[in-house]
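Colleague: Could you walk me through the empty spaces and the ligand site in this model? I would like to follow along with the structure open.

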Amino acid sequence: MAKSSKSIPGKTNASRKAATHGGRKRSNLRAGRNASGARRAGPSPFEFEKASLETLRSALDKLEKGFSGLPAAEVAFGNRREFEKVILEVAGRMRDNYPYFHPLYAGQMLKPPHPVARVAYMLSMWINPNNHALDGGRASSRMEKEAVAEIARMFGWKTHLGHLTGGGTMANLEALWVAGQVNPGKKVVASEQAHYTHSRISAVLGMSFQSVPCDVKGRMDLHALKALLESGEIGTVVATVGTTAAGAIDPLPELLELRAEYGFRLHADSAYGGYFVLADNLTKETRTVFDRLGEADSIVVDPHKHGLQPYACGCVIFRDPNVARFYKHDSPYTYFTSEELHLGEISLECSRAGASAVGLWATQRLLPLVKGGDFARSLSSCRKAALDLYGMLREDAKFITPFPPELDIVVWAPLAKSVSDSSGLSRAIFDEAAKHNLHLALAELPADFFDLESAGMERDADTITCLRSVLMKPEHEKWIPQIWNILNRSASEVLKRRPASPA
Ligand SMILES: *Cc1c(COP(=O)(O)O)cnc(C)c1O
């Protein structure tokens, strides 16, 4: 994920202290003070986390009462001091990370889970349910069914078949596996900008795969697709609704028309973008795609990306519940307590964390998946942040930008005399910004995404190393001016060291 391990964030001494000692004493809940009571510039992102531990404690008391009829049974805990020593050692080790929870981390697709998800997840750890079978987790299996039904409803589905998975990869694997059962012996196609997992998954499933070229906006090229469809070999088309690199949106309405003509299965990989169906500030074209997403045969969305969940939480849903027939199997071990559906009967993974379902259920209870709600607003705000940053980049002569963001991912490159020069500058700016606590990402994109001719840039390479920022935290909108300041200053410093004027 993170490309450079050298530029680890320099935390302030104050926050370092807070991270080390905070868990030992009673947490200091007053925002604006760290654990040692010293003033800091503002509230630490850790404060609310520590406050939520008190809620966890009351919830644990309530959970415990549910089992009070049992005879006393001591559980071996071990040496308390040794235990604490190890946990503090873990805290020390975990400091070697980018500050993903902070708004100045504006790099890869990493979003902190909501505190309600963390607490619900941790609380359920005392039960440690396994959502493979009702025998392993009755309550959490029901919560999974409810939470997944809410996701299906978000796309307009009243009926569906689906469940949570370890992530987008497993969710896509199931979707392609079902597609292969429906159209045996046929090919899978996805765009060149689709997640690389599709070609790899196809290989795992023994299905042949072909990628379809993209246009200059990173979307699947329909002429190229049509030529492939004429061959009669295509069984499944994967529409990427929000590419991982740049958030580009494949032209779903046209793909649906082609499906009517050629009869392939249409799978929508919206692992990243799916939740934007709730946003209220998409372009008209992208809005149309999301409005029609429910017409796809299957949809993947990752609650562990934009859905405020800890890893590992992906989700696959099928429009036709009858695909359950492909999963049919008998288990001599697990399905005894109930005639009701055991999730293992409709999932390729067997043991799965019931805690993931509990975290998701709690989050959707607090922040329902409805248009106009708080969660929907936070997604619109992420997109607004991306549009704001894009606007600043466009106006600045140091940078060139490709197509505007459709979601909340911005890509851009430094103006230089050649593509390879620009790539070198991107890497230098990435390092320089990190020194000032701003963490961006790098992405390798087709050089043709940029109008090189107007920029007077020599096309001496097919791909360009760009700067990339995934603005997926609701706080990002407010932080754009500060992000811009650091970026602007870092770019100027790099250019001063290594002047690269366009030809
Ligand atoms: C992230 C992503 C995946 C892979 O999902 P994981 O949760 O990382 O396994 C697949 N497709 C798209 C479009 C993604 O953004």
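Colleague: What is the volume of the largest cavity?

Modeller: This is a predicted model, where local features need pLDDT of at least 70, side-chain atom pairs count only at pLDDT 80 or more, and totals for chains, interfaces and linings use all residues. Residues are numbered from 1 along each chain as its sequence is written, and side-chain values use heavy atoms, with hydrogens and water left out. On a 1 Å grid over the protein atoms alone, a cavity is a set of points where a 1.4 Å probe fits but cannot get out; a volume is the space filled by probe spheres set on the points, which are joined across faces, edges and corners. For the largest cavity, that gives about 60 Å³.

Colleague: Which helix gives the largest share of the lining of that largest cavity?

Modeller: Lining residues have an atom within 4 Å of a grid point, and here they are Y275, G307, L308, Q309, L360, T363, Q364, L367, L369 and F375. Helices (H or I, at least four residues) and strands (E, at least two) are DSSP runs, numbered from the N terminus. The largest share, three residues, comes from helix α11 (residues 354-366).

Colleague: And how do the residues of that lining divide by class?

Modeller: Ala, Val, Leu, Ile, Met, Phe, Trp, Tyr, Cys and Pro count as nonpolar, Asp, Glu, Lys and Arg as charged, and the others, Gly among them, as polar. The lining of the largest cavity then divides into six nonpolar, four polar and no charged residues.

Colleague: Where does the ligand sit?

Modeller: A pocket is an open set of points with protein on both sides within 12 Å along at least five of seven lines. A molecule sits in one if more than half of its atoms lie within 2 Å of its grid points. By that rule the ligand's place is the second largest pocket.

Colleague: Which element gives the most to the lining of the second largest pocket?

Modeller: About 840 Å³ of space lies in this pocket, and 31 residues line it, with H195, Y196, T244, A245 and R468 nearest its centre. Two or more residues each come from α6, α7 (197-205) and β10 (441-446). The most, five residues, come from β10.

Colleague: How much of the ligand's exposed area does the protein bury?

Modeller: The ligand has 13 residues around it (a heavy atom within 4 Å), the closest being G168, T169, D269, D302 and K305. Counting N or O pairs within 3.5 Å as polar contacts, a ligand oxygen is 2.6 Å from an N or O atom in the side chain of T169, and another pair, a ligand oxygen with the side chain of K305, is at 2.8 Å. Taken alone the ligand exposes 380 Å² (Shrake-Rupley method, 1.4 Å probe), and the protein buries 86% of that.

Colleague: Which two residues does a cis peptide bond join?

Modeller: Most peptide bonds are trans. In this model there is a cis bond with omega of about 5°, and A312 lies in the loop between β6 (298-301) and β7 (314-318). The bond joins Y311 and A312.

Conventions: Polar contact = N/O pair within 3.5 Å; in protein donor to acceptor, adjacent residues only side chain to side chain.
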